[in-house]
Amino acid sequence: MNRKIIRRRTLAIISHPDAGKTTLTEKLLLYGGALALAGSVTSKKNQRATTSDWMELEKTRGISISSTVLQFDYNGYRFNLLDTPGHKDFSEDTYRVLMAVDSVIMVIDAAKGIEAQTVRLFEICKKRKIPIMTFINKLDRPAKAPFELIDQIEQVLGLKAFPVNWPIESGQNFKGIYDRMDKKVHLFDRMPGGTYKAPFSVHDITDPAFKNILNETSYENFIEEVNMLDYAHVEFNQEEVLSGDLTPVYFGSASNNFGIELILNGFLEHSNPPSARSTISGKLIATDSPIFSAFVFKIQTNMNPMHRDRMVFARICSGKFHRDLKVFQTRTGKEVRLSSAHNIFGNERETIDESFAGEIIGFVTNTDFKIGDTLSSDPTIVLERIPRFAPELFAKITNLNTSKYKAFRKGIDQLLAEDIVQPFQLDGHNDVIPLLGALGNLQFEVLQYRLKDEYGVDTRLELMPWTALRWINTAIDNEKLKSILPYGARLGKDDHNKQVIFFEDAWRCTMFKDKHQDIELLDFLIEF
Ligand code: G4P
């Protein structure tokens, strides 16, 4: 079991939209032999018929919303690549995915450097101390100077950066990469369209075959840069990589297949296999423990229009999964048989017979699972919880076709079970259709789109005036609270009966906090 676990890598790619996450995903699949020909994932202009990108809305909007799992083998290792939603409105989903991975590849566009969404996603990784390998992409285009890019990682993200390799020129003149580890130059042939693996040749830095392709000044500049790196830059430290304090940096061009093998090999060398996970009591469960444990990080209904069922995704943390395994859903104490567990490749399903720590299993179930639920052979085990973030937009949703009420209710219930938006009740209300909270408007758009697409229901959304919500973490009488609420604020509760306050704006929320320091307000909630 241990031999298998140490050859697992469970990762996600994070990037600002358009930096090349999808292209890199596709190229990793190409190099991992999971795609015979690359070219299908990113061709947005043609039909975006993809493996990691299957929702109709994603196709039309050209963004990646849903998270799926892709699996491929490379050099004797099994990679589980989890897709993260690219849009900031889905940062909560991204957080959940990042709870389920052991390491991350951060893609940066060489012309743009660190962008807003990169910072946001990095912050999540930092909270979890996830090891990050950096891929600086699009070197075939005019790019910022490599030193400037390294500097940005250090200054903007506050992350030590160690360039494992270094680009040899950029834009039209991009020739390849110097690998600082083996001190060799990797020269690539351009592969228009990047459909096949790029041929490359490896040379010593003094090899005339390399020197001759650069003019004298370029060669001298290149040697000077390499020397500067050796003398002036950060020392490599694997411990710091594993604690998320230092990122090994790789340069390349995903669309031209430049540098894919180097990042893959580097990733294998510096990333970590699945490791012990913590329970809420702080106890660690070793990956090879005989106790099976896993947690749910995603629920997706109607994932495949062919099946129209609910798929629950869980990350295995310890023990061995086998077909028909009986486990406890430790939140409810219920025993559940995992009779139909699958590996998911895009929208393809394959039944799993056995599986280990680090793997993601998807199973079809009617049991009422919630994101964050622990599944374990030991009913006392509760794995570290997944936090829930305070929404910033609130809306009421109404069904427009009276005859479709049943479908509307079913759709709302199923989509709420996926945590696509969060349900609340205003104080004194007990509405059948709750008040909905989201981090961004796109979440509401997806909800309405899916209600229409999957349940045939037209809906109207009415935005509410609040833009901030806080959970109250202090026992306090409702009437007393009501008397001190600022203008426009309302009391309410979430679906776990936790008290919340809806504020009109963040400013009023801060004022309230300052004035009533004895009342603890939370902008995210872990215990539920
Ligand atoms: P994302 O998932 O991070 O949003 O980015 P995606 O891979 O979709 O890439 C965004 C655009 O950048 C795509 O162009 C893609 O082809 C291009 N791209 C990715 N890697 C490279 C690279 O190394 N060099 C260059 N020059 N371009 C790159 P598009 O025009 O939006 O789509 P397409 O028509 O090229 O498919």
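Visitor: Which residue in S3 is the bridge partner of Ala-12?

Guide: In this predicted model, Leu-82 in S3 is the bridge partner of Ala-12.

Visitor: What makes S1 and strand S3 a pair?

Guide: Two strands pair if at least two bridges are found between them, and S1 and S3, the latter covering residues 77–82, are joined in the parallel sense over five bridges, so the condition for pairing is met.

Visitor: How do you know that S1 also pairs with strand S4?

Guide: Five bridges join S1 to S4, residues 103–109, and the two strands run parallel; with at least two bridges required, they count as a pair. Within S4, Ile-105 is the bridge partner of Ile-13.

Visitor: Why is strand S1 called mostly covered?

Guide: A residue is buried when its relative accessible area is under 20%, and eight of the eight residues in S1, which spans residues 8–15, are buried. Arg-8, Thr-10, Ala-12 and Ile-14 point one way, while Arg-9, Leu-11, Ile-13 and Ser-15 point the other way, and all of them are buried.

Visitor: Why do S7 and S10 stand at the edges of their sheet?

Guide: The open sheet of four strands has the order S7-S8-S9-S10, with antiparallel pairing. Strand S7 (165–168) and strand S10 (200–204) each have a single partner strand, so one side of each is left without a neighbour in the sheet.

Visitor: What makes S9 and S10 a pair?

Guide: Strand S9, residues 184–188, and S10 are linked in the antiparallel sense over five bridges, and since at least two bridges are needed, they pair. Val-185 stands opposite His-203 in S10.

Terms used: Residues numbered from 1 in each chain as written. Predicted model: local features only at pLDDT ≥ 70, side-chain atom pairs only at ≥ 80, totals over all residues. Heavy atoms only, no water. Buried < 20%, exposed > 50% of the residue type's maximum accessible area, 1.4 Å probe, protein only.
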